[in-house]
Amino acid sequence: MDTIASLFSFITTPVSWVIVQFHTVYGKIFGPDTGWAWGLSIVSLVILIRICLIPLFVKQIKSTRAMQTLQPEMKKIQERYKNDKQRQSEEMMKLYKETGTNPLSSCLPILAQSPFFFALYHVLNGIATGSTIGVINDSLLASARKAHIFGAPLAAKFTDGSSKVEALGASLTDVRVVTAVMIVLMSASQFYTQRQLMTKNVDTTVKTPFMQQQKMLMYVFPVMFAVFGINFPVGVLVYWLTTNVWTMGQQMYVIRNNPTPGSKAQAAYLERLTKHVTSHGKARKRSERTIIKAIVAKGRDRNEFERKFINGLNKAGLAAQADGSVVQSESQAAVQTEDGTSTSAAAPKRQQPKRQSKSQRQSGSAAASGGKAAGDAPSSEPTSLIKSDEPEDAKPAEPAKKQPGGGTRSKAQSGQRKGPQRPKSPSKK
């Protein structure tokens, strides 16, 4: 244990110093020996660490989305070189280099937070064993040993015996009830955080092994927290529970305001954005303009939800621009359509002729036939000497010649040529 503590001595002293500074502030409000003063000092330490890790969290989100986008290509490489593991690894590394992605980026927040976790663990273990560590001197050590959270000392564990718990001034029942509740809350928050990531913020159009791995982690991580949690002191449980709650809230914010393309969260976000933009006639926030700019830049590569968003703006008389702004479609020369092409806003729309009813068509044909009959009637006016515009060959048709059979033949029968027909040759019979 001393060897491990010496390895983390470079971070143990800063962590203990931060806790002492927060304890000085909260001690003036709640009392220096209370569990609230020491507990809130640990919570404040978590918040401070997580604020410093926000850039890494943003990088984690970008890396995770990039990995989701590369899953189809990775699957093709695995199938193509399934019998050559070395070539498969080379092609994977080449793909990562070309796209600028790093699989380890998704683990950066956890890796960066691990030293602080171990440092806090050793600080609290020192309080439990009665040894000073970092900047915690004898007076602060005595104050921390008196601090209880809902009856459980900061340094007590679920697996501690009754004699050790009594030495810290508490009962075994209080310690186990408090630690059990905190372990359950810690595991439940971890499960909910992973579940909302899988059900809301994953591209449902791509089915890859990465999604199966995430689903497996959704059930594995809570079990791991429950198993290891029984060996954590109460102060470490406070630290880890606060971390999980922070992660859950941070992820809820990201899912709501910057969802993964193609996910259910994006559909809900674009629906809210459509209502907001159509009600105000423009994109008011910078984040909204960034999202709209990315959607317009995709052109024909937009997914179903993004095309629906563009169509919703067009129906409202608005059009999204390449810079992310939204303008009235009547005042611009080109309107973005759902497939990424542009059409002229000033050009009039081509109107289709109205379809007439059967009675209208019949009345129109009757009027035409009536006009034709009226034109065939002889005119009572004198014949004009002015040359007519009609062609000379437009003469009245001659009466049809009578056939020997007594019938009038107006045109050749079907399957026969015009003019005189050759007589059929008599049968040999």
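In the predicted model, S189 is buried, with a relative accessible area of 7%. This serine is found in helix α9, which covers residues 172-200. A polar atom of the S189 side chain lies 2.8 Å from the backbone oxygen of M186. When residues up to four places away in sequence are set aside, S189 touches L241, N244 and M248.

A second buried position is M67, for which the relative accessibility is 10%. M67 lies in helix α4, residues 54-80. Its C-alpha is 9.1 Å from that of Y96, and the two residues are 29 positions apart in sequence.

These positions belong to a protein chain of 429 residues, of which 35% are buried. The chain contains 15 helices and six strands. Among its contacts with a sequence separation of 6 or more, 62% join residues that are 24 or more positions apart. The accessible surface of the chain comes to about 27800 Å², and carbon and sulfur atoms contribute 58% of this area.

Aromatic side chains were examined next. A search of the whole structure finds six aromatic pairs. One of them is formed by F22 and Y26, whose ring centres are 6.5 Å apart; because the planes meet at 25°, under the limit of 30 degrees, the pair is stacked. Both residues lie in helix α2 (residues 9-30), where their spacing of four residues amounts to about one turn of the helix. F22 has a relative accessibility of 24% and therefore counts as partly exposed. Y239 and W240 form a tilted aromatic pair, with 6.2 Å from centre to centre and 35° between the planes. Y239 and W240 are both buried.

The aromatic residues F30, W36 and F150 form one cluster. Within this cluster, F150 is found in the loop between strands β1 (148-149) and β2 (152-153). F150 is exposed, since its relative accessible area of 69% is over the 50% limit. The backbone of F150 is also notable in its phi angle. Most residues other than glycine have a negative phi. F150, although not a glycine, has a positive phi of about 55°. A ring in another kind of arrangement is that of F158: the charged end of R176 sits over this ring, 5.5 Å from its centre.

The confidence of the prediction varies along the chain. The mean pLDDT is 75, and 71% of the residues reach 70 or more. Two segments with low values may be described in turn. Over residues 331-340, pLDDT stays under 50, and the model has 38 contacts beyond four places in sequence for this segment. Over residues 372-415, pLDDT likewise stays under 50, and the model has ten such contacts for that segment.

Definitions and conventions: Residues numbered from 1 in each chain as written. Predicted model: local features only at pLDDT ≥ 70, side-chain atom pairs only at ≥ 80, totals over all residues. Heavy atoms only, no water. Helix = DSSP H or I, 4+ residues; strand = E, 2+ residues; numbered from the N terminus. Buried < 20%, exposed > 50% of the residue type's maximum accessible area, 1.4 Å probe, protein only. Contact = heavy atoms within 4.5 Å. Areas by Shrake-Rupley, 256 points an atom, 1.4 Å probe, with all protein chains shown as cover. Polar contact = N/O pair within 3.5 Å; in protein donor to acceptor, adjacent residues only side chain to side chain. Phe/Tyr/Trp six-rings, centres within 6.5 Å; stacked < 30°, edge-to-face > 60°. Lys NZ or Arg CZ within 6 Å of the ring centre and 35° of its normal. pLDDT = per-residue confidence, 0-100.
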